[in-house]
Number of protein chains: 2
Amino acid sequence: MSSKSASALKRASTLKEALEQDIVTGQLAPGTRLEEMGLATRFGVSRTPVREALNQLASIGLVQIRPRRGAVVAAIGLKEMMEMFEVMAELEGMCGQLAARRMIGEDRAKLAVYHEQARSFAQTEDHNGYYDANVCFHECIYLGSRNTYLADQTRALRNRLAPYRRLQLLQRQRLSGSFAEHGQILKAICDGDEARAKKLLSEHVTVQSGSFTDFIATLPTELIQSRA
Amino acid sequence: MSSKSASALKRASTLKEALEQDIVTGQLAPGTRLEEMGLATRFGVSRTPVREALNQLASIGLVQIRPRRGAVVAAIGLKEMMEMFEVMAELEGMCGQLAARRMIGEDRAKLAVYHEQARSFAQTEDHNGYYDANVCFHECIYLGSRNTYLADQTRALRNRLAPYRRLQLLQRQRLSGSFAEHGQILKAICDGDEARAKKLLSEHVTVQSGSFTDFIATLPTELIQSRA
DNA sequence: TCAAACCAAATTGTATACAATTTTCTATTT
DNA sequence: AAATAGAAAATTGTATACAATTTGGTTTGA
């Protein structure tokens, strides 16, 4: 599945996807230096497509490029992370609201199927399995919003937060809790209850909603070590 | 102010900003072909930084790059435009909600100042002047949200829609209507009425003193084509 | 011993050269 | 005359070469 020592990767877009995968899955930890020549030889290409891939990853936000000082896997500071979660909550909520409004029977059935698949992973405490099923469940809601742009944006932000969310899921043993929330979300969407679907999905994503987020967000930038 | 025939632009980032400006202001209409060699000679650089700039613009969404088939100024299809406005409404609303919650007195005072500046432009029907003042007003709200990431995302989407919004503002009576709405928004924010600020800003973006369908109707047909 | 300055190595940014693919024009055939 | 096939031109994607800046180490001085 991975592309650690893959050799014959010709295209720059392929290279980008390979790197993106390594970053999202955490194989390339935040802060890791990405040296152009090293990546070039490792993938068997020249620096040109490497630079292109790095630029594209930088535009997504997965890589940080400081002029004349090289590229590193983007490390998200505390303040920025809270900000991103705050936006993520709103976008996920919006997806849920629109999905509750616009999903057809077929979509709802599919969502229910994904939910059932997740159940077994939750029961067996299979974190990796649940992670994938979780992705499918949310992806289904994205598509259900019938707004491709919104789906793309939400998915991009989710991917960017993925390395940290993965930690969160492992750390907190949130599987059963997450699954229960999914059940409520599924019901709200099937009931067509827009407001409830929005609220539930918002809270589902938010780390700790309310006062703590507000507190972090109002802190001056200098007080929180962001990115070096 | 423009950089139509600028000569000594050395850096790729500068080049990107120049092109972005030309696209956002409409000097480069959607659909325009962006030939690498042409831009290179026009800006007095080689193809390498041009490609880099085009990639960056593509990542923002202002340019569309089809493999082996060149780059064009992104033309947004009708469906996608509606989707983007739907998201824009949510993001602007969120900015307003957070601004109402988190702005300090100084911020509110500044917002009021920008509003007053816009008044004169609205009265004299100075469309370009009002456009700039409008940008300042909204930018002030973005910053007032105390969420840099949200501000960046909202600003990016606004810029991407800018070529189309500019046409929208040219319509008669749009100015005074927009200004009146700004007044209500200002009051809601100063009152700390989060829900109202959110709702007003959402609607301000969506309908903006008129119906969305009116806006669509005023667009030149070339701009609405769905992408090939 | 520590610090500052300078030189060397490494790395990034840009230019040019080459390869591969697309586009366009021409010529031939029906 | 229209259409299709083929070749030439143009354009994009990649590799390499060069320039400029940063980084790291070494040396010299107090």
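Two strands pair if DSSP finds at least two bridges between them. All views are of a predicted model.

**View 1. Strands E1 and E3 of chain B, an antiparallel pair.** E1(B) and strand E3 (residues 71-73) of chain B are joined over two bridges, in the antiparallel sense. Within this pairing, Leu34(B) stands opposite Ala71(B) of E3(B).

**View 2. The open sheet of chain B.** Three strands make up this sheet, in the order E1-E3-E2, and their pairing is antiparallel. Strand E1 (33-34) and strand E2 (63-65) of chain B are at the edges with a single partner strand each, so one side of each has no neighbour in the sheet.

**View 3. Protein residues around DNA strand D.** There are 18 residues around DNA strand D, and those that come nearest are Ser46(A), Thr48(A), Glu35(B), Arg47(B) and Arg51(B). Of the atoms of DNA strand D that come within 4 Å of the protein, 65% belong to sugar and phosphate. Sorted by class, the surface near DNA strand D consists of 11 charged, four nonpolar and three polar residues.

**View 4. Polar side-chain atoms at DNA strand D.** An N or O atom in the side chain of Thr48(A) is 2.8 Å from a base nitrogen of DNA strand D. Two arginines are placed at phosphate oxygens of this strand: for Arg69(A) the distance from a side-chain N or O atom is 2.9 Å, and for Arg51(B) a polar side-chain atom lies at 2.6 Å. Helix H3 (47-60) of chain A and helix H3 (47-60) of chain B are the elements that give two or more residues to the surface near DNA strand D. H3(A) provides the largest share, three residues.

**View 5. Protein residues around DNA strand C.** DNA strand C is surrounded by 17 residues, of which Glu35(A), Arg51(A), Ser46(B), Thr48(B) and Arg69(B) are the closest. Sugar or phosphate accounts for 67% of the atoms of DNA strand C within 4 Å of the protein, and bases for the rest. The residues of this surface divide into 10 charged, four nonpolar and three polar.

**View 6. Polar side-chain atoms at DNA strand C.** Two of the side chains shown have a polar atom at a base: Thr48(B) lies 2.8 Å from a base nitrogen of DNA strand C, and Arg68(A) lies 2.9 Å from a base oxygen. In the side chain of Glu35(A), an N or O atom is 2.7 Å from a phosphate oxygen of DNA strand C. H3 of chain A and H3 of chain B each supply at least two residues of the surface near DNA strand C. The largest share, three residues, comes from H3(B).

**View 7. Contact between chain A and chain B.** Chain A contributes 30 residues to the contact and chain B contributes 27. Between them the two chains bury about 2400 Å², with 48% of it on carbon and sulfur atoms. On the chain A side, Val87(A), Glu90(A) and Tyr149(A) lose the most area to chain B, together 24% of what that side buries.

**View 8. Salt bridges and polar contacts between chain A and chain B.** Six salt bridges are found across the interface. One of them joins the side chains of Arg102(B) and Glu86(A), with an N to O distance of 2.5 Å. The interface also has 14 residue pairs in polar contact, both residues at pLDDT 80 or more. Elements giving two or more residues to the side of chain A that touches chain B are H3, helix H4 (78-102), helix H7 (148-172) and helix H10 (211-218) of chain A. H4(A) gives the most, 10 residues. By class, that side of chain A has 13 charged, nine nonpolar and eight polar residues.

Note on methods. Residues are numbered from 1 along each chain as its sequence is written. Chains are lettered from A and ligands numbered from 1 in the order in which they are written. This is a predicted model: local features need pLDDT of at least 70, side-chain atom pairs count only at pLDDT 80 or more; totals for chains, interfaces and linings use all residues. Side-chain values use heavy atoms; hydrogens and water are left out. A residue is near a molecule or strand if one of its heavy atoms lies within 4 Å of it. A polar contact is a pair of N or O atoms within 3.5 Å; within protein, one must be able to donate a hydrogen and the other to accept it, and residues adjacent in sequence count only if both atoms are side-chain atoms. Helices (H or I, at least four residues) and strands (E, at least two) are DSSP runs, numbered from the N terminus. Ala, Val, Leu, Ile, Met, Phe, Trp, Tyr, Cys and Pro count as nonpolar, Asp, Glu, Lys and Arg as charged, and the others, Gly among them, as polar. Contact means heavy atoms within 4.5 Å. Buried area is the accessible area (1.4 Å probe) that two parts lose on being put together, summed over both. A salt bridge is a side-chain nitrogen of Lys or Arg within 4 Å of a carboxyl oxygen of Asp or Glu.
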